[in-house]
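User: Could you zoom in on one residue here and walk me through its surroundings? I'd like the cut-offs spelled out too.

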Amino acid sequence: MLPSAPVLLLPEDKSITNKNTPAFTWKYTPYCEKYQIQISGDNSFTTIEQEIILPGSTLRYASTPLSDGDHFWRVRASNPLNGYGPWSTIRTITINTAMPDAPKLSSPKNGEVVHDFIDLS
């Protein structure tokens, strides 16, 4: 019997993160001996950035560093006879490690003295 497609958990589809080594997780799939995860820079998976086979007891993969930009990921399960079931749905994650711009202060003006008065009456 071939295993069914794994159900993906995290990261959620269309997630954005500043961490370039995200962890990918999925639910246990019955009849699974091992999982195959693929991470690609395109949704047709013509260029595989990372691919790994994991034991069936493993439901998490911490990626090696990914470049900034969009990445697509999917998982499938294999039975003990190396029969692979269907791929999971495809999810997208965006990596953005760029630092945000420094805030621009508008008040008080440079050198301006501010007095706080408390009315105690």
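Analyst:
**A close look at Gln38**

Gln38 sits in strand 4 (strands are DSSP runs of E, at least two residues, numbered from the N terminus). Before going further: this is a predicted model, where local features need pLDDT of at least 70, side-chain atom pairs count only at pLDDT 80 or more, and totals for chains, interfaces and linings use all residues. Residues are numbered from 1 along each chain as its sequence is written, and side-chain values use heavy atoms, with hydrogens and water left out.

Gln38 counts as buried because its relative accessibility is 7%; buried means under 20% relative accessible area, with a 1.4 Å probe and protein chains only.

Its side chain has two polar partners to look at. One polar contact, of 2.6 Å, links the side chains of Gln38 and Glu51, and another, at 2.7 Å, goes from the Gln38 side chain to that of Arg74. A polar contact here is a pair of N or O atoms within 3.5 Å; within protein, one must be able to donate a hydrogen and the other to accept it, and residues adjacent in sequence count only if both atoms are side-chain atoms.

Now the wider neighbourhood, using contact as heavy atoms within 4.5 Å. Leaving aside residues up to four places away in sequence, Gln38 touches Phe45, Ile48, Gln50, Glu51, Phe72, Trp73, Arg74 and Trp87.

One of those neighbours leads on to the core: Trp73 is among the residues with the most contacts inside the largest nonpolar core, which has 15 residues. Strand 4 (34-40) is one of the strands that each supply at least two residues of this core. A nonpolar core is a set of buried Ala, Val, Leu, Ile, Met, Phe, Trp, Tyr and Cys residues joined through side-chain atoms within 4.5 Å.

Methods
Buried < 20%, exposed > 50% of the residue type's maximum accessible area, 1.4 Å probe, protein only. Helix = DSSP H or I, 4+ residues; strand = E, 2+ residues; numbered from the N terminus.
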